[in-house]
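The following paragraphs walk through a structure, beginning with one element and moving outward to the surfaces where chains meet. Please keep the sequence and the coordinates at hand while reading.

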Amino acid sequence: MLLTVKNLSISFETDNGTFQAVRNLSFQLDKNKILGVVGESGCGKSITNLALMGLLPPEAIVTADELTFDGLNLLELSEKKWSVVRGKKIGMIFQDPMTALNPCFTVRYQLEEAIRYNHIGIPSDQVYPMALDLLSMVGIPDPKSRIECYPYELSGGMAQRIMIAMAISGHPKLLIADEPTTALDVTIQLQILKLLKEIQEKNNMSIIFVSHDLNVISKISDKIQVMYAGEIIESGSKTKIINEHKHPYTKGLLESLPGHKKSTEKLFSIPGIVPDLKNRPTGCQFSPRCEYSTSDCESNKTIEINDHDGQQWRCLNPISRQN
Amino acid sequence: MMNSEARTILKANILSKYYVSESMFKPKQTVKALDSVSLELREGETLGLVGESGCGKSTLAKTIIGLEKKTKGSIFIQGREISTFSPKELSSHIQMIFQDPYNSLNPRKKAWQLVSDPLRVKSSASESELKKIAIELIERVGLRPELADRYPHMFSGGQRQRLGIARALITKPKVIICDEPVSALDVSVQAQVINLLKELQKDLGLSYLFISHDLSVVKYIADRIAVMYLGKIVEQGRADAVFNSPAHPYTQALINSAPDFNSSVELSDIPTISGELPSPLNPPNGCHFSNRCPHTNDLCLKEYPLYHNTEDRLVACHLADKKDR
Amino acid sequence: MIQNYREIFFELKKNKGALIGLIIIGVFFTLAIFGPMLAPFSESELSEHLLKDPFWGTKFQHSHFLGTDDVGRDTFSRLLFGSRVSLFIGIFVTILSGTIGTLLGLVSGYYGGKIDKLIMRGIDILMALPSILLAIVVVSILGPGLVNAIIAVAIVSIPSFTRIVRAGVIDEKQKQYVQAARTFGTSTQEIIFKEILPNCTAPLIIQTTLCFSDGILNAAALSFLGLGAQPPTAEWGIMLSDARSFIESSPWLVTLPGLCILTVVLSFNLLGDGLRDALDPRLKKGK
């Protein structure tokens, strides 16, 4: 296993008390696989990514039974050790490429900076050719002239490609992509998704692909993980989650999508809103909004995870397959 | 199903909006954000407007509602040219719902004040009357009336959009421009707001100009659809017909590119459109889509295609022309 | 809104400096309003006890517990009267420059284009000149006196208000709630004053506190130069100037007014900084 996470919890202290942004998260990621993480705002998907990169603010309280990446225990890394991991073993790309790139410096400057950071001691005459190589790898036409551009001269798609180039410059084993296509037009999104898949296969990389868009997740992932209120409520292979999902929230998410609904049918909508993490409901976090919830669901226990046939779900009343 | 005799309630005729930048040091540059756009919205219907960034759909919304001044062409609402209305009069005919729930409500005003603003500006109703009407609407859009005295930061994104909808309804307009009304919302909340919009349309006989980059939402809610690219409408027709048999290659590309969990097509098998949107300062000669279209021929590079009109479908493509000959 | 103020005050309390500043300002205001009524002597009352020391000095005279100046006027009383003058200065400078500066900023920011360029070039000119010099020029034209000094200092304080308000307006102008107000026909006046201005208050409040203290400082400087308050008005700047010749023999005559100016200006600055910290994160937490 490339990445093993066991019972990861991330809490924050505020003036009104401590609250858990993420609790008891457990999952594994194999080499060369794409894990799609899907969830709505406040579900904790982005915070988890930051924890995997050691980028949480100092006031975050992180506890876990295990947090191992490629044999390294991420829980015990000093800031110095983290710099060996970040960028070189784990790369990250973000949602808005226009704000992720520094507007004051050219693409060349930023790309070369990333290369030098990820290849300590690289001879300076090799940096520029590597930069051009990377740009071709991510499909930038005419790299020699593009490399001298400033970020404001780039389109969203170009900027995202450059961010990908920077992120893979260290040949990381894991790429964390946090909503990388959300801010892009749909035709460009397709290009970027294909590019990511291509790079993943060529470089033997794993990807954690985070998005709120189930449609995108369904196309790119091998395995899907659904998060809600800081917990993983269901996970499994792509086909299982899309076609044989067990958790009512997953069902709700899929049914809320307009997809192939006829305009005469009302859209399914999950009633209510996501819970306030400072005031969590007891028992199952989804029970206040769930059409199948019972008093058992709301009682004071943490709902245990069922594990069966490569699929896990956290529910006392899972959906059974009808017909 | 709307009958084809439904009256046209909003009409844009060869509407153009150019942005010109003049400076001492550079030659004059013109961006044709809208270039001879003509469309019709029929009473009680939803016209979906789709396209990617830079296509001009937001500019179209702003020009119709008066936030931007048109350069050429005309806009008619209920038969009357829109420039003959003062903004206060216009709000009884057409209003707009904005995209960003965190940005479209004045943070210093209470919910009922925000909702009643359009009415307060044009009528001499007393504060208590305004409050009463506002609270009725707040309930109508699915919010509890006790929330009327709260400030925007106490509402969630979906609730704020509902307030925006209530605000758009208070002057009883017949046409509502929805500028990406659900794009900034979570999926489960999107569905709630879309359902609300449909319900209100049915109950109040509203007509929507529904702008979105999300094809699946437009496919669900629109009766007719117009596809825009680089300031022009490239295809227009009945929504189900356009989605089932798109005539313009760009429309086809849009439909292909939108991922769908229901479809079993693998990522690698989905056809991509290469290249990027050309700069609006310097669109290609001939058809604007020619540098990315898989079917480009010589004619496409030289001449911009005229509209080809068959069976309630308008397409701007030389190949659609040829198909029918 | 009340909720907002409570939260702001809560944040402010955390900042010790700001709290101290607030307390001192409170003391200053109280003394300025009530002090002169309780002063043992009037500001211009002469006596035969010349250049007496404060109670810790050798040449102490019981009736004048902070000493006297070279014509026998009681220092303590004059300091109290001076605080009222300073309060007066602070209030009027702030109101004058705040109103004019804000109006200019609103117009400049909202309309943009040629009006903006015109106003901002004017502001740039005002800012390019050192404020004291400019104030001196204005007073030379208008003639010396406290009121003219106030006008001069107010003119010189206009640019900071204008720039801050203009920045705020430009920010708010393109937000969708302002666009919405335009779509249903809200008058420009209402948009500027009822929609945009209330959302620019945070930086404006901060600037107001700073302007208060800057105003006092600048007016004291003008009075020190003989261009502001005229004798026999008790004003801390004049007291500084009068005491110059006696620095060696009666050092407290110079030090005490100087300390008053220092304390008041410092406490306003501390409060201003504290407000900036308390208000800014709230602005960012908007979502």
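In helix 7 of chain C, the buried residues are Q176(C), Y177(C), V178(C), Q179(C), A180(C), A181(C) and T183(C). Buried here means under 20% relative accessible area, with exposed being over 50% and partly exposed in between, using a 1.4 Å probe and protein chains only. Helices (H or I, at least four residues) and strands (E, at least two) are DSSP runs numbered from the N terminus. This is a predicted model, in which local features need pLDDT of at least 70 and side-chain atom pairs count only at pLDDT 80 or more, while totals for chains, interfaces and linings use all residues. Residues are numbered from 1 along each chain as its sequence is written, chains are lettered from A and ligands numbered from 1 in the order in which they are written, and side-chain values use heavy atoms, with hydrogens and water left out.

Because 7 of the 8 residues of helix 7 of chain C are buried, this helix is largely enclosed by the rest of the structure. What do the buried residues of helix 7 of chain C pack against? On the chain B side they meet helix 1 (57-65), helix 2 (87-90), strand 6 (94-97) and helix 5 (157-169), and within chain C they meet helix 6 (146-173) and helix 8. Just after helix 7 of chain C, G185(C) has a positive phi of about 85°.

The same helix leads to the interface of chain C and chain B. Here 21 residues of chain C are in contact with 26 residues of chain B, contact meaning heavy atoms within 4.5 Å. The size of an interface is often given as the accessible area lost when the parts come together. For chain C and chain B the buried area is about 2100 Å², 55% of it on carbon and sulfur atoms; buried area is the accessible area (1.4 Å probe) that two parts lose on being put together, summed over both. The two chains are joined by 2 salt bridges, a salt bridge being a side-chain nitrogen of Lys or Arg within 4 Å of a carboxyl oxygen of Asp or Glu. E190(C) forms a salt bridge with R120(B), with the closest N and O atoms 2.8 Å apart.

There are also 11 residue pairs in polar contact across this interface, both residues at pLDDT 80 or more. A polar contact is a pair of N or O atoms within 3.5 Å; within protein, one must be able to donate a hydrogen and the other to accept it, and residues adjacent in sequence count only if both atoms are side-chain atoms. Helix 1 (2-14), helix 7 (176-183) and helix 8 (188-196) of chain C each supply at least two residues of the side that touches chain B. Helix 7 of chain C gives the largest share of that side, 6 residues. By class, the side of chain C that touches chain B has 5 nonpolar, 10 polar and 6 charged residues. In this grouping Ala, Val, Leu, Ile, Met, Phe, Trp, Tyr, Cys and Pro count as nonpolar, Asp, Glu, Lys and Arg as charged, and the others, Gly among them, as polar.

Chain B also meets chain A. That contact takes 43 residues from chain A and 38 residues from chain B. Chain A and chain B bury about 3500 Å² between them, 56% of it on carbon and sulfur atoms. In chain A, T187(A), L190(A) and K219(A) lose the most area to chain B, together 19% of what that side buries. How many salt bridges are there between chain A and chain B? The count is 0, while 19 residue pairs, both at pLDDT 80 or more, are in polar contact across the interface of chain A and chain B. Among the elements that give two or more residues to the chain A side are helix 7 (156-168), helix 8 (186-203) and helix 9 (214-220) of chain A. Helix 8 of chain A provides the largest share of that side, 9 residues. The side of chain A that touches chain B is made up of 17 nonpolar, 15 polar and 11 charged residues.

Within chain B, 4 strands form an open antiparallel sheet in the order 2-1-4-5; strands pair if DSSP finds at least two bridges between them. Strand 2 (29-42) and strand 5 (80-81) of chain B stand at the edges, each with a single partner strand, so one side of each is left without a neighbour in the sheet.
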